[in-house]
Amino acid sequence: MAASGLTPRGHIMLDAADPRRAAAFLAEGLGLAHERGNVGGVVDALEGLARLGTETGQPEAAARLFGVTAALRDVVGVPYSPADIEYFAPTREGLRHSLGTDGFAATEAAGRELSVEEAMAEAVALGRAALA
């Protein structure tokens, strides 16, 4: 399957409440995007894995992944679109509820400090936990 199709399938599996299949698609999409130097693909996969973390009881990891994706978006000059903001709003609100407003802000800020490699390692661990 083409790398560009893996991450959207991961999001579809999350929407269908199938976190195991979502984890597999998102992790594979992340790896391929990184191998190809596709920063946008890395961001998309990390955001999907952040959603997965929220849905599988890993809110701290999810918030850190949202932080790193925001930092990557800043670096490449691709801000969240209104559609992105709307799409991720329920997930981000769930994280604020789980972590508290200040906890979410602090954890997301910590994620902004992660390197891409650190973020990928955290995302892979998150995906493995979802598969367990």
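Q: Why is E47 called buried?
A: E47 has a relative accessible area of 2%, and buried means under 20% (exposed is over 50%, partly exposed in between, with a 1.4 Å probe and protein chains only). So E47 counts as buried. This is a predicted model, where local features need pLDDT of at least 70, side-chain atom pairs count only at pLDDT 80 or more, and totals for chains, interfaces and linings use all residues. Residues are numbered from 1 along each chain as its sequence is written, and side-chain values use heavy atoms, with hydrogens and water left out.

Q: Where does E47 sit, and what does E47 touch?
A: E47 lies in helix α3, residues 39-55; helices here are DSSP runs of H or I with at least four residues, numbered from the N terminus. Leaving aside residues up to four places away in sequence, E47 touches H11, F66, T69, R73, Y80 and F88, where contact means heavy atoms within 4.5 Å.

Q: What makes α3 oblique to α5?
A: The two helices pack at an angle of about 45°, with their axes 10 Å apart. Axes are lines fitted to C-alpha atoms over the stretch in contact, and angles run from 0 to 180 degrees between N-to-C directions. Under 35 degrees would be roughly parallel, over 145 roughly antiparallel, and 65 to 115 roughly perpendicular; the rest is oblique. That angle therefore makes α3 oblique to α5. The contact is made by E47, R51 and T54 of α3 with Y87, F88, T91 and L95 of α5.

Q: Why is I85 called exposed?
A: I85, which is found in α5, has a relative accessible area of 52%, so I85 is exposed.

Q: How do you know that the length of α6 agrees with what a helix should span?
A: The expected span is 1.5 Å times one less than the number of residues. For the 12 residues of α6 (101-112) that gives 16 Å, and the end C-alpha atoms are 17 Å apart, so the two agree.

Q: Which residues of α6 are buried, and how do you know that they are on the same side?
A: The buried ones are F104, T107, E108 and G111. They cover an arc of only 100° around the axis, so they lie on the same side of α6; the arc is that of the directions from the helix axis to the C-beta atoms. These buried residues pack against α4 (59-76) and α5 (82-99).
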